[in-house]
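The following exercises concern charged side chains and their surroundings in a predicted model. Each task is followed by a solution in steps.

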Amino acid sequence: MAHGTSRGPVVSVLMAVHDAEGSVRRAVESVQSQSLRELELIVIDAGSQDSTVRILEAIAERDLRVEVVRADACSRQEALDVALERAGGRYLTVMDADTIARPGMLADLVGLAEERSLELAVGGIELCLIGVGGRATELELASDAAVFSTQHDLRTSAWYFFSSGQLLPVVGKLFRLDRVRDLGLRFSSGGPLAHRFVIEYLAEAERAGILGGICCRAERLATPVDRRLGQTEGYRLLEREHAALLGLYRHWGLEGDVASMEMLQSRYMERLVACVEGVCASGLPAVEQRRAVEAMIGTDQARLAASVARPASSAARSMLAPVRGGNVRLVCAQARLLALLGRGRAAWAMPDAYV
């Protein structure tokens, strides 16, 4: 027998899927099993060619809270925009087809938001990165519980949660739907990770809270999204996202805040090294590698980052002096050595590049 709720949903759960037959059932069932029952799950299928739609439609027949919409082939962000247009809850959250929500995730996030009148509630993410041969690396993007009851407290503390990787991913968060619509936000306004959506929401947020512990688990390929996009587009994503974060801090009036600027430049340096390593491990002729790397490290932004950053990974730290000095040959040689030593180091320094 189909079941649902006679009341309107408290939370709209948005999900974009594409050829996800191996994981989508578990993801959807984790939403259905939430202790908070007043929810709707809006799933947009972005042109799947496998059995994803059949699985979803069978689930929707038995649960009136699940809506499945078939869309033409499109990006995750475009599909999430379609879901956003159909959302009717007081809050919204985003789930992916490879993400499993803990049973109390929505109840805990809503409870925190309601109790403290928050515009944003943030949960922890357990990230499992699957590498070559199925080898798994486990990370936690989480921190202790905290509530920022003033805009100033939120803005001056945000650097810490950005650096931990917890603040930027769109998953594991509860947004107020009326604020999203008042701000005219769209998921497709930024890059493939939808980080721009979070940045734009944070720009005017006044009250936010961190839910201590883990609220969901995501399983991803152990290659950052910017690496999977290819050399040129991955570097463009880095530049766009860094510019958006700098714009956020300018808007906040915190360009002179030492901790915030150090975080931003360290984050940039980690991602820049990953981009350079990708070029030098790409198989391009050496002269083309040097040309691409020279363009990446020859900017004012790269020199600034190399001068003030304090990156967490030894890989990025080893590149500070060569980048600062504009030594293209040394940067390329160091990047090839890093590639030979194996991947995965950057995951600890920039985990939100995967979510």
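**Exercise 1. Salt bridges across the sequence**

The structure holds 22 salt bridges. Determine which residue pairs with E119 and which parts of the chain the pair ties together.

Solution. Step 1: the partner is R179, with the closest N and O atoms 3.1 Å apart. Step 2: E119 lies in the loop between helix 4 (105–116) and strand 6 (120–130), whereas R179 belongs to helix 6 (residues 177–182), so the pair ties together parts that are 60 residues apart in sequence. Step 3: buried means under 20% relative accessible area; E119, at 11%, therefore counts as buried, and R179, at 18%, also counts as buried.

**Exercise 2. A second pair**

State which residue forms a salt bridge with R267, and where the two partners lie.

Solution. Step 1: R267 pairs with D352, the closest N and O atoms being 2.8 Å apart. Step 2: R267 is in helix 10 and D352 in the segment after helix 15 (345–349), 85 residues apart. Step 3: relative accessibility is 13% for R267, which counts as buried, and 1% for D352, which counts as buried.

**Exercise 3. A lysine without a salt bridge**

Describe the surroundings of K173, a residue of strand 9 (residues 173–176).

Solution. Step 1: K173 is buried and has no salt bridge; D352, the nearest side chain of opposite charge, is 8.4 Å away. Step 2: a polar atom of the K173 side chain lies 2.6 Å from the backbone oxygen of P169, and one lies 3.2 Å from the backbone oxygen of L167. Step 3: residues touched by K173 include L92, L109, V122 and V198. Step 4: V198 is one of the buried residues of helix 7.

Technical notes: Residues are numbered from 1 along each chain as its sequence is written. This is a predicted model: local features need pLDDT of at least 70, side-chain atom pairs count only at pLDDT 80 or more; totals for chains, interfaces and linings use all residues. Side-chain values use heavy atoms; hydrogens and water are left out. Buried means under 20% relative accessible area, exposed over 50%, partly exposed in between (1.4 Å probe, protein chains only). Lys and Arg count as positive and Asp and Glu as negative; His and the chain ends are not counted. A salt bridge is a side-chain nitrogen of Lys or Arg within 4 Å of a carboxyl oxygen of Asp or Glu. A polar contact is a pair of N or O atoms within 3.5 Å; within protein, one must be able to donate a hydrogen and the other to accept it, and residues adjacent in sequence count only if both atoms are side-chain atoms. Contact means heavy atoms within 4.5 Å. Helices (H or I, at least four residues) and strands (E, at least two) are DSSP runs, numbered from the N terminus. Lists of a residue's contacts leave out its neighbours within four places in sequence.
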